[in-house]
Each structure stands twice: as structure tokens, then as C-alpha cells.
Amino acid sequence: MLKEAVKKKLHEGTVIPAHPLALTEDRQLDEAGQRALTRYYIDAGVGGIAVGVHTTQFEIRDPEFNLYERVLTIAIEETKRANVPDDFIKVAGICGPTEQALKEAAFSKEVGYDLGLLSMGGLNHLSEDELIERAEKVAGVIPVFGFYLQPAVGGRIFSYEFWERFASIPNVYAIKIAPFDRYCSIDVVRAVCHSPRNEEIALYTGNDDNIINDLLTAFDFTIGDKKVEKRIVGGLLGHWSVWTKTVVDTFEEIKVVRAQKSVPNGLLTLGQQITDANAAIFDSRNSFKGSIAGINEILARQGLLQGNWCLVDREVLSPGQAEELDRIYTSYPHLNDDEFVKANLSKWLSK
């Protein structure tokens with residue numbers, strides 16, 4: 001079962017950055033940098049962190065690196081050191097075939113994670129029935145945060161019926177919607193609304209190309225003889241792993257606007273600017289090949305990482321991506337949190 005304080009925060013909606021991986025130039029874990037990142041997110045005011053997810057690099061599980069358990073443990077140690085509140089949401093990435101997923105779920109729960117973000121990437125050989133069975137087994141170990149991953153980075157398209165069945169699994173408490181597709185995103189919201197567990201499930205955006213609109217939209221469906229409204233209450237995003245203090249401030253503004261039920265044009269314009277920035281960071285023009293390197297590059301420019309290195313050689317900035325990052329820094333200086341990082345960096349990097 002999910003702790004009541006965490007469940008309440010999850011449904012209120014909050015900022016959950018997808019935690020990157022700090023490496024040295026020879027691609028070894030930079031433990032000081034890894035701890036600094038967690039400290040940065042906590043001090044920025046996030047409501048949780050997600051570790052061992054795509055942004056952390058799936059390769060941490062490879063025997064060659066064997067970093068999964070160490071990286072997840074470091075983040076837990078830092079949350080304890082910071083004495084985060086009881087409702088701070090700790091999400092562990094879980095992926096792979098059922099046996100692997102169950103092992104990761106058991107470890108994550110043991111060390112203190114509240115939910116497992118269950119990826120279905122890399123499992124295209126499994127049917128929807130088999131993936132539902134896998135999800136049910138994982139949900140028997142740890143509360144589940146579902147994940148609709150976009151096909152461009154290893155996900156696949158699922159049927160509406162799949163999400164209706166997924167939402168009906170006991171111990172599923174949230175779904176991250178990240179297909180980067182309006183039709184697919186609406187499928188998930190509608191499926192959850194039709195599920196008898198609708199009120200038990202919080203929806204989070206992972207659509208880095210549509211963050212502000214996702215958070216401002218009230219979805220409305222007719223079910224039987226009544227209208228059912230559902231909102232995407234928060235975000236679990238790789239994009240939110242950079243410029244996070246500004247992200248938190250913007251999210252607080254969005255919560256105020258949602259309560260007023262009147263959206264200022266300036267907020268919609270900000271959404272367009274954030275999407276443009278994301279295109280550079282996530283390398284959309286090159287099918288997202290430089291997405292993780294792009295995140296790391298921003299953090300390296302701020303001094304939080306030693307460089308933009310990834311575990312595998314192929315994960316690098318694409319040609320022209322660095323120049324695109326220069327462009328968004330110049331075009332949208334109000335999006336970065338460089339001054340906040342500069343003021344706190346030495347503290348975060350201390351032992």
C-alpha cells in the first residue's frame with residue numbers, strides 16, 4: 001500500500017524530475033556529482049524524484065556498469081540527509097522482463113522507494129495481455145506508477161483497452177503519460193476515467209513537448225449519464241531535471257491559475273517557449289538521439305556535472321545541438337536557474 005501522505009501529495013500534483021547520472025570523463029560514477037544533483041532538486045523545492053529511469057540511463061543495469069542499486073541508494077541517502085517531509089515522493093525506475101522487473105521492485109521497496117515507474121520499453125515481443133500480467137505481478141511488490149513511453153525512444157503504441165485494464169490493477173496509483181501524441185494521451189485519460197479506480201489514480205505528464213497545456217487542461221468525458229472531469233495534476237519529466245528552480249516556480253503559478261479557472265495568454269506563450277527549449281535539449285530534430293546528452297550538457301554548463309558524458313559512446317550531442325542550446329539560452333534567459341545554482345553549487349558539491 002502507498003503511504004497516505006505520499007498518496008495525498010501525488011494527487012495534489014507536484015514536480016518530479018527524472019534524475020540524471022553524474023559521470024567522470026572515463027565514464028565512472030561521479031558520486032559527489034550524483035549527490036549534488038539530488039541536493040539541487042531538493043533545495044529547488046521539488047515534491048519528489050524519479051531515479052533509475054530513462055534520464056538516469058537504462059544502461060546502469062548492464063553487468064558492465066552495475067550501477068542500478070548504487071545510484072538508487074545514493075538518492076535515498078540524500079533524502080534522509082536532507083530530512084525531506086513524509087510526503088516527498090520517491091520513484092524508482094523499473095524495467096525489463098518480468099523476472100528483472102520483480103527483482104528491481106523488491107530492491108526499490110526495500111531501500112525506501114514509494115512507487116515503481118514501470119517501463120514497458122524494449123518489450124515489443126510481449127502482447128498487451130502479457131504486459132498486463134507483468135504489471136499485476138510488479139504491483140504485488142510495490143505501488144506502481146504506469147508509464148506510456150513514446151515510440152521514438154523505445155516505447156510503443158497501446159490500445160485504449162490496455163490502459164483501461166491497466167488502470168484497474170490494484171496498487172496502481174499513477175500513470176505518466178509520455179507518448180508525445182495527443183490522441184494517445186487522451187486515450188489514457190479517458191481509460192482512467194472509465195476505470196472504477198479513477199479516483200485512486202493520479203495522472204502526470206511526461207509529454208515534454210506539451211507540458212503547460214497538459215497541466216492546464218481539464219479533460220471532460222461522458223460516462224453513462226454523468227460528466228467525469230480529470231486533470232493531469234503534475235509532471236514526471238526529463239525536461240524538469242534542468243532549470244528546476246524555475247520549473248517549481250512556474251508549477252506553483254499554474255496551480256494558482258487552475259484554481260482561478262482563467263488562463264492568462266502569457267502562460268500559454270511560456271508553454272511555447274518551454275517546448276522550443278525542449279526541442280533543443282531533447283534533440284527532437286534528430287529523433288531525440290541527443291536527449292540525455294542534452295540534459296547533461298545544460299547541467300555541465302551550470303557546473304552540476306563534470307561533462308555531458310553518457311555510459312555508452314553513442315549517446316552524445318548531435319551535430320548542431322550545442323548551437324541550438326546556445327540559441328535557447330539567448331532567447332529565453334527567464335527559463336534558466338543559473339543564479340540559483342551558482343549561489344548553492346559549492347554547498348551541494350561538499351561532502
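**Exercise 1. Find where W243 sits, decide whether W243 is buried or exposed, and list what W243 touches.**

Step 1. Look at the stretch of chain around W243: the residue belongs to the loop between strand 9 and helix 9 (244-260). Helices (H or I, at least four residues) and strands (E, at least two) are DSSP runs, numbered from the N terminus. The model is predicted, so local features need pLDDT of at least 70 and side-chain atom pairs count only at pLDDT 80 or more, while totals for chains, interfaces and linings use all residues. Residues are numbered from 1 along each chain as its sequence is written, and side-chain values use heavy atoms, with hydrogens and water left out.

Step 2. Check the accessibility. W243 counts as buried because its relative accessibility is 4%; buried means under 20% relative accessible area, exposed over 50%, and partly exposed in between (1.4 Å probe, protein chains only).

Step 3. Collect the contacts, where contact means heavy atoms within 4.5 Å. Not counting residues up to four places away in sequence, W243 touches Y40, A277, I281, I298, Q302, I328, Y329, L335, N336, D337 and D338.

Step 4. Add a distance. The C-alpha atoms of W243 and D26 are separated by 26 Å, and the two residues are 217 residues apart along the chain.

**Exercise 2. Describe strand 8 and its pairing with strand 9.**

Step 1. Sort the residues by face. In a regular strand the side chains alternate between the two faces of the sheet. In strand 8, F219, F221 and I223 make up the covered face, while A218, D220 and T222 make up the uncovered one.

Step 2. Find the partner. Strand 8 and strand 9 run antiparallel and are joined by six bridges; two strands pair if DSSP finds at least two bridges between them. D220 has E229 in strand 9 as its bridge partner.

Step 3. Look at the turn. The two strands form a hairpin with two residues between them, and G224 in the turn has a positive phi of about 65°.

**Exercise 3. Work out how strand 3 (residues 89-94) is covered and connected.**

Step 1. Count the buried residues: six of its six residues are buried. I89, V91 and G93 lie on one side and K90, A92 and I94 on the other, so to speak two covered faces.

Step 2. Trace the neighbours. Strand 2 (residues 48-51) runs parallel to strand 3, with four bridges between them, and I49 stands opposite K90. Strand 4 (residues 115-118) is also parallel to strand 3 and is joined to it by four bridges; there, L115 is the bridge partner of V91.

Step 3. Follow the crossovers. From strand 3 the chain passes through helix 4 (residues 98-111) to strand 4 in a right-handed β-α-β crossover. Right-handed means that, with the strands pointing away from the viewer, the path from the first strand over the helix to the second runs clockwise. Strand 2, helix 3 (residues 68-81) and strand 3 also make a right-handed β-α-β unit.

**Exercise 4. Examine helix 7 and find what its buried residues pack against.**

Step 1. Take the span. Helix 7 has 13 residues and reaches 18 Å from its first C-alpha to its last, close to the 18 Å expected; the expected span is 1.5 Å times one less than the number of residues.

Step 2. Mark the buried residues: C184, S185, V188, V189, A191, V192 and C193. The buried residues of helix 7 pack against several elements, including strand 5 (144-149), helix 6 (160-167) and strand 6 (172-178).

Step 3. Look for a charged pair within the helix. D187 and R190 form a salt bridge, their closest N and O atoms being 3.9 Å apart. A salt bridge is a side-chain nitrogen of Lys or Arg within 4 Å of a carboxyl oxygen of Asp or Glu. Both residues lie in helix 7 (residues 182-194), three residues apart, about one turn of the helix.

**Exercise 5. Find the salt bridge in helix 1 and the accessibility of its two partners.**

Step 1. Locate the pair. E12 and K8 meet through their side chains at 2.7 Å, N to O, and both lie in helix 1 (residues 4-12), four residues apart.

Step 2. Compare with the cut-offs. E12 is partly exposed at 40% relative accessible area, and K8 is exposed at 53%.
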